[in-house]
Amino acid sequence: MPGLIMFGRRWGIGSDDFVFPVLAEIFLRLAWLIAMSIVFHIHQNEPQNCSGGTLLQAYFIGALFLLCLTIVLDIIIVYTSMQGSIMYPYPRKRMPRLLYVKIGVSVPELAWIILGTYWSFGLASGCVASVVMTVKGAVLCGWAIAFLLLIGLFVVFDPLGGLRAKRSQLGVLESSTQEQMMTTAQHTAMKTWERRCKFLCCCVSCDDRSHDAFTEIAKLLTDFFQNVELDLVATDIAAGLILVNREQDVSLLTATSERSNDNYGSLSLDRKPQYCSLTTEGQVSDTLTAGTRIADTHDHPSSASSRVSNSVPNSDRRPHPQDWMTIKNMSHYMKYAMASYGWPLFVFANLSLGLCKLCGQCRCCACARDSGEVHYDNCCQCHTAAIRKWTDVDDADLLYVSFYNKIYAIPFFVAIDRKEKAVVVSIRGTLSLKDALTDLSADCVCIDQDECADWKCHKGIYQAACYIRDELQNRQILEKAFQQNQGARLVVTGHSLGAGAAALLAILLKPHFPDLICFTFSPPGGLLSHKASSCCSDYVCSVVLGRDLVPRLGICSMEHLKTSILTAIRRCDRPKYQVIASGMWQAVCTLCPGDSANSCGCRIDPPLLSDQGSSVYVTGQRNVEEAMESAIMQSEQCRITYPTMYPPGQVLHIVEVDSDKSCCASPTYFAEWKTPEDFQEILVSPDMLTDHLPDNVWKALVQLEDKHFNPKHRRSTSSIAT
């Protein structure tokens with residue numbers, strides 16, 4: 001931070017981002033230099049005895065000189081890039097000049113690579129094989145570095161770099177000119193994001209629905225990324241996430257330690273909060289029955305839980321699960337949710353024998369046409385084969401399968417579950433770019449139903465649920481299902497995007513099927529307004545594993561995370577390479593203790609800037625404090641513009657219990673009932689992505705079912721960590 005300014009434009013890389021890539025280049029060039037020096041010393045007289053010997057000798061001398069010069073220059077670049085901190089770039093002010101020098105050195109180096117290529121692949125007849133192979137290896141290494149450099153330039157190229165560079169002039173321009181430039185930048189950014197979406201989804205048909213989705217997503221991404229006054233690059237955000245994770249862990253451990261000291265005297269704490277007295281039934285003492293979230297409102301007055309508890313007019317926030325909301329039922333219908341993903345998830349969950357198990361169920365004679373009630377499967381019906389393997393449903397009970405996938409149209413299947421006497425509608429989660437566009441269409445709309453006219457929900461997922469409802473009604477699928485299975489109950493289920501669509505489909509179908517129930521696994525957080533989520537709690541049960549990102553993800557929570565990242569970066573006074581190195585060490589080796597931020601190489605509490613150089617970091621004549629205030633105001637404005645959204649219904653939160661186990665041992669899980677309001681803050685952790693995987697959720701449920709686990713309620717939001 002800030003983005004590097006070169007050639008009159010801003011690039012998506014900071015002056016402190018050259019430590020690791022240039023270090024890798026130094027080691028590569030050192031190996032290259034040593035090998036060439038040894039070969040040249042041994043065979044320094046050989047060039048006179050082979051074709052093109054004079055050219056070869058000139059190549060060796062020039063290459064060795066250029067390698068030495070480049071290594072020295074790289075060392076200076078690495079040293080300079082290590083100076084300062086994330087938001088104190090003053091010691092790195094000479095970095096653009098060093099890069100200009102490096103580009104100048106690269107020109108003769110490229111010429112020498114071309115010269116070596118010409119000699120080694122064209123004039124090397126009669127020369128010693130080791131000499132020829134050394135030159136060939138050198139030129140191939142040079143071309144590889146040049147290719148990687150081109151890829152790097154493509155990655156760090158900012159299409160809005162010219163406009164971003166001009167933003168530094170805003171402070172000295174008249175207000176009308178400033179407003180005009182900001183409007184132009186906003187419009188250009190929106191068009192750029194729209195082009196990016198279309199490029200990534202080039203296979204998506206360009207109908208009116210797709211065009212509207214691209215426009216809405218571009219506007220959302222522009223509002224989120226472009227309105228931040230601070231000049232952040234990708235590695236700044238990565239470092240900020242590491243700092244937020246460290247700060248959350250420290251806060252959680254501090255709060256848990258205080259509560260444990262009050263209740264148990266002293267308790268040893270690991271990086272994650274530990275649990276006490278796990279019994280044979282899997283029960284856990286309920287004083288420390290918090291999962292992995294930050295502590296309660298006494299520890300974080302400004303946390304999401306306190307904001308929600310103040311804004312929600314419901315005094316009794318304790319969940320009241322129904323009798324059918326059991327671990328056994330959740331584990332059973334999780335298999336249906338997993339089956340909707342088809343063969344990719346089945347093979348992923350069964351890496352050793354997955355393909356072999358599917359071979360017996362596939363039907364290669366199906367060719368490329370639809371077969372019966374199976375639509376848009378591949379020629380061997382591999383997806384349908386995976387459904388049968390996951391659920392053990394007979395062909396006659398698999399009533400309808402559709403893998404048709406467009407924006408706002410997601411795959412689903414309908415099956416008869418004779419074991420539980422139910423008709424199951426299972427909806428697939430995100431598995432394609434089209435599904436991702438549905439996820440990103442995050443505007444709020446009202447549910448078009450008389451009973452819930454003032455209920456707001458996620459626009460993209462609502463349209464996907466309406467598509468499935470129309471398919472069910474137009475094809476009369478449910479009517480046929482209940483004719484075959486009299487007295488059965490309708491069960492709707494899904495995972496991730498499918499979970500959100502399942503909850504909204506359940507709301508749409510509830511008036512027609514009063515005994516309907518719904519199981520949603522890892523549902524989206526920005527799905528329903530508070531009233532909608534509360535009113536459907538009698539027939540919607542959600543399951544969330546650990547620190548899963550998706551159930552906590554929403555426009556407001558993302559804005560809050562953005563502000564937290566900026567605050568953490570503002571308060572850290574260590575160089576970026578130290579922060580990223582500590583995060584990599586923690587993620588790969590899990591050896592970084594969480595009870596002290598200093599132990600991982602980043603001190604959070606002290607102020608960012610010392611007395612050296614400028615006391616403030618200036619972006620476009622606006623200091624960092626003004627930029628932080630702007631980001632906070634934008635976050636608060638977001639809460640006014642976009643209503644706070646929640647995951648649906650009752651929520652069972654499954655968390656991992658820390659124990660002294662080997663790295664290969666299976667984790668032990670604990671679960672408790674929570675409210676949707678408890679999932680309003682994103683918890684940064686390496687587990688926040690893996691906890692969303694459907695097979696991990698299923699394994700946790702199976703373990704709890706095997707232990708006959710009976711989930712408990714939290715005592716209160718002020719007595720335990722949320």
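**Helix crossings and a few single residues**

Let me begin with a pair of helices, α3 and α4, where α3 passes α4 in a left-handed crossing. Please keep in mind throughout that what we have on the screen is a predicted model.

For those of you who are new to this, two packed helices are described by the angle between their axes and the distance between those axes. Here, the axes of α3, which covers residues 95–120, and α4, which covers residues 129–156, come within 9 Å and cross at roughly 140°. An angle over 145 degrees would count as roughly antiparallel, and the crossing at roughly 140° makes α3 oblique to α4. On the α3 side, the residues that meet α4 are Leu 110, Ile 113, Ile 114, Gly 116, Thr 117, Trp 119 and Ser 120, and on the α4 side the partners are Val 131, Val 132, Val 135, Lys 136, Val 139, Gly 142 and Trp 143. If we sort the residues of this contact by character, nine are nonpolar, four are polar and one is charged.

Before the second pair, let me step back to the whole chain. It has 722 residues, of which 54% count as buried, and its secondary structure comes to 23 helices and 16 strands. If we take the contacts in the chain with a separation of 6 or more, 75% of them join residues 24 or more positions apart.

Now to the second pair, α10 and α23. How do the axes of α10 and α23 cross? They come within 9 Å and cross at roughly 155°, which makes α10 roughly antiparallel to α23. This crossing of α10 and α23 is left-handed. From α10, the contact is made by Ile 327, Lys 328, Met 330, Ser 331, Met 334, Lys 335 and Met 338, while α23 brings in Pro 694, Asp 695, Val 697, Trp 698, Leu 701, Val 702, Leu 704 and Glu 705. The residues of the contact between α10 and α23 divide into ten nonpolar, one polar and four charged.

While we are looking at α10, which runs over residues 327–339, let me point out Asn 329, which has its place in that helix. Is Asn 329 buried or exposed? At 16% relative accessibility, Asn 329 counts as buried, because the cut-off for buried is under 20%. Leaving aside the neighbours within four places in sequence, Asn 329 is in contact with Trp 324, Glu 420 and Phe 519.

Next, I would like you to find helix α16, residues 477–484, where Ile 477, Leu 478, Ala 481 and Phe 482 are buried. Seen down the axis of α16, these buried residues fall within an arc of 125°, and so they line one face of the helix. As for what they pack against, there are four strands and two helices to look for, namely β4 (398–402), β5 (412–417), β6 (422–427), β9 (489–495), α15 (459–474) and α17 (497–509).

Let me turn to two lysines. Lys 456 lies in strand β8, residues 456–458, and is partly exposed, with a relative accessible area of 31%. Setting aside neighbours within four places in sequence, its contacts are Val 445, Cys 446, Leu 527, Leu 528, Ser 529, Ala 532, Pro 643 and Met 645. Lys 456 and Asp 443 are 13 residues apart in sequence, and from C-alpha to C-alpha they are 9.7 Å apart in space.

The other lysine, Lys 531, lies in helix α18, residues 530–535, and is partly exposed, with a relative accessible area of 42%. Not counting residues up to four places away in sequence, Lys 531 touches Asp 454 and Trp 455. Its C-alpha is 9.6 Å from that of Tyr 646, although the two residues are 115 residues apart in sequence.

Finally, let me show you two residues in loops. Phe 7 is found in the loop between β1 (3–6) and β2 (9–14), and its phi is near 55°, a positive value in a residue other than glycine. Phe 7 is exposed, with a relative accessible area of 56%. Far along the sequence, in the loop between α23 (694–706) and β16 (712–713), lies His 708, which has a positive phi of about 55° although it is not a glycine. His 708 is exposed, with a relative accessible area of 64%.

Definitions and conventions: Residues are numbered from 1 along each chain as its sequence is written. This is a predicted model: local features need pLDDT of at least 70, side-chain atom pairs count only at pLDDT 80 or more; totals for chains, interfaces and linings use all residues. Side-chain values use heavy atoms; hydrogens and water are left out. Axes are lines fitted to C-alpha atoms, for helices over the stretch in contact, and angles run from 0 to 180 degrees between N-to-C directions. Angles under 35 degrees count as roughly parallel, over 145 as roughly antiparallel, 65 to 115 as roughly perpendicular and the rest as oblique. A crossing is left-handed if the near helix is turned anticlockwise from the far one by less than a right angle, and right-handed if clockwise. Contact means heavy atoms within 4.5 Å. Ala, Val, Leu, Ile, Met, Phe, Trp, Tyr, Cys and Pro count as nonpolar, Asp, Glu, Lys and Arg as charged, and the others, Gly among them, as polar. Buried means under 20% relative accessible area, exposed over 50%, partly exposed in between (1.4 Å probe, protein chains only). The arc is that of the directions from the helix axis to the C-beta atoms.
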